[in-house]
Amino acid sequence: MSKPPSNFEACKKHVLRYLSGTINRGIKYNTNSNVPLKLIGYCDASWGDNHENRRSTSGYIFFLNGGPISWARTKHIEIRREFIKFHIGHETVKIERVSTKDQLADILTKPLRQDIHNYLVQMILHG
């Protein structure tokens, strides 16, 4: 980087502090071959939460055998109603309500208190 931005050093220190504070965290998967593969997903959205442009933030996280395998956060969401209806009708997906306390995708969609953030990180990493 020939000319780093003015906040580069602060960003670098922030990343290093984060890494040093999370060195003992890791992702664990259930490797018992007698247990069938289990895929679970969580999603959440804050509809129109941005008061400047009324855009939404959505996020999802998928687990395979207890460990996260895919996650994302986007600034808007396009709902494909017919696609979802098709898969519900053919029972290829099952949609269940998840209480706010157990909504792991909240970590991707909104600012959280530190204790709630830490709880969700523990749930994501260790179930």
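## Exercises on a predicted model

**Exercise 1.** In this predicted model, find which residues D106 touches, not counting residues up to four places away in sequence, and decide whether D106 is buried or exposed.

*Solution.* Begin with the contacts: once residues up to four places away in sequence are set aside, D106 touches D44, T100, L112 and L120. Next, place the residue in the fold, where D106 lies in helix α3. Then take its relative accessible area, which is 7%; since buried means under 20%, D106 counts as buried. Finally, look at the side chain of D106, which makes a polar contact of 2.8 Å with the side chain of K110.

**Exercise 2.** Work out whether the span of α4 agrees with its 13 residues, and where its buried residues lie around the helix axis.

*Solution.* At 1.5 Å a residue, the 13 residues of α4 should span 18 Å, and the end C-alpha atoms are 18 Å apart, so the two values agree. The buried residues of this helix are L120, V121, I124 and L125. Seen down the axis of α4, they fall within an arc of 125°, and therefore they line one face of the helix. Among the elements that cover them are β2, β3 and α3.

**Exercise 3.** Identify the residues of the largest nonpolar core, and state which elements each supply at least two of them.

*Solution.* The core has five residues, namely I61, F63, L104, L120 and I124. Of the elements, β2 (57-64) and α4 (114-126) each supply at least two of these residues. To follow one member further, leave aside the neighbours of I124 within four places in sequence: I124 is then in contact with I61, F63, G66, P68, L104 and I107.

Technical notes:
Residues numbered from 1 in each chain as written. Predicted model: local features only at pLDDT ≥ 70, side-chain atom pairs only at ≥ 80, totals over all residues. Heavy atoms only, no water. Core = buried A, V, L, I, M, F, W, Y, C linked by side-chain atoms within 4.5 Å. Buried < 20%, exposed > 50% of the residue type's maximum accessible area, 1.4 Å probe, protein only. Helix = DSSP H or I, 4+ residues; strand = E, 2+ residues; numbered from the N terminus. Contact = heavy atoms within 4.5 Å. Expected span 1.5 Å × (residues − 1). Arc of directions from axis to C-beta. Polar contact = N/O pair within 3.5 Å; in protein donor to acceptor, adjacent residues only side chain to side chain.
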